[in-house]
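Please open the structure in a viewer and keep the selection panel at hand. The tour has two stops.

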Amino acid sequence: MTTPGCFITLEGVDGAGKSTHIAWMSDYLRQAGVDLVCTREPGGTPLGEQLRALLLQQEMDLRTETLLMFAARNEHWRNTIEPALQRGQWVLCDRYVDASYAYQGGGRALGATAIQALEQWLGLVRAPDRTFLFDVPLAVARQRLSRGRDAPDRFEQEGAAFFERTRDAYLARVRGTPGRFCVVDAQRGIDDVRQTLEVALDALLHAYPRPTDGSIPQGRG
Ligand code: TYD
């Protein structure tokens, strides 16, 4: 059964500019009357945030990294995302399963089979309704990352080949389910990108009615 709320995810390699746009997107949706849960992966629950701290800083085997990403995701899906969607809220999530295919599957060259198996074993059967992939050429992403003020985490410290593989794996995900993705050319200026986002969000607002009288909508039918 399709749950009532709309599930939106944001993806892209580090430095693509995703963080710049997520606050604006959540403001836009809230101003349009959406009851929104804005969350992130890894993280989004108390345990998930503890796992995030480990994942971003602690060296570990690739299998451990992948399992911890999914452990955090399992908590997140069951305790935060699914209950919110069931209540009719919308969920705007900074990264989700596609990030595991891209970073662990592609960047770290684990491949897709193990990721698929974990996804199925956990019963994460509901794909996002819409995924915004912020896509930029690698050189642009690296330049933006180098301007960041925070110390780079374990992923941000990776080299060019890692991010090339990560980006390629994201684009392979798009080829697999093109209808789910909105690929945003994030090389452009912030205002240009916002125009693209606005059109795509308006389409979602049209397709997924928001509850105005406290009732739960019946999905898209
Ligand atoms: P990120 O969204 O980049 O956080 P911030 O904007 O605060 O830097 O996410 C943290 C990192 O986690 C990012 O480098 C990608 C990585 N990641 C994976 O490798 N696999 C996953 O499944 C997820 C969800 C994230």
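The stops are the ligand with its surroundings, and then the largest cavity.

This is a predicted model, in which local features need pLDDT of at least 70, side-chain atom pairs count only at pLDDT 80 or more, and totals for chains, interfaces and linings use all residues. Residues are numbered from 1 along each chain as its sequence is written, and side-chain values use heavy atoms, with hydrogens and water left out.

**The ligand**

Select the ligand and the 17 residues that surround it (a heavy atom within 4 Å). The closest are Asp 14, Lys 18, Arg 95, Ser 100 and Gln 104. By class, this shell holds 8 charged, 6 nonpolar and 3 polar residues.

Next, display the side chains of Lys 18, Arg 52 and Glu 156 for their polar contacts (N or O atoms within 3.5 Å). An N or O atom of the Lys 18 side chain is 2.9 Å from a ligand oxygen; for Arg 52 the distance is 3.0 Å, and for Glu 156 a polar side-chain atom lies 3.4 Å from a ligand oxygen. The protein buries 89% of the 560 Å² that the ligand exposes when taken alone (Shrake-Rupley method, 1.4 Å probe).

Now colour the helices α1 (18–31), α2 (46–57), α3 (62–86) and α4 (97–107), each of which supplies at least two shell residues. Of these, α4 gives the most, with 4 residues.

**The largest cavity**

Finally, select Gly 12, Val 13, Leu 133, Phe 134, Asp 135, Val 136, Arg 167 and Tyr 170, which line the largest cavity (on a 1 Å grid over the protein atoms alone, points where a 1.4 Å probe fits but cannot get out; lining residues have an atom within 4 Å of a point). Its volume is about 30 Å³. Strand β4 (130–135) and helix α7 (160–176) each supply at least two lining residues, and the largest share, 3 residues, comes from β4.

Key:
A polar contact is a pair of N or O atoms within 3.5 Å; within protein, one must be able to donate a hydrogen and the other to accept it, and residues adjacent in sequence count only if both atoms are side-chain atoms. Ala, Val, Leu, Ile, Met, Phe, Trp, Tyr, Cys and Pro count as nonpolar, Asp, Glu, Lys and Arg as charged, and the others, Gly among them, as polar. On a 1 Å grid over the protein atoms alone, a cavity is a set of points where a 1.4 Å probe fits but cannot get out, and a pocket is an open set with protein on both sides within 12 Å along at least five of seven lines; lining residues have an atom within 4 Å of a point. Grid points are joined across faces, edges and corners, and a volume is the space filled by probe spheres set on the points.
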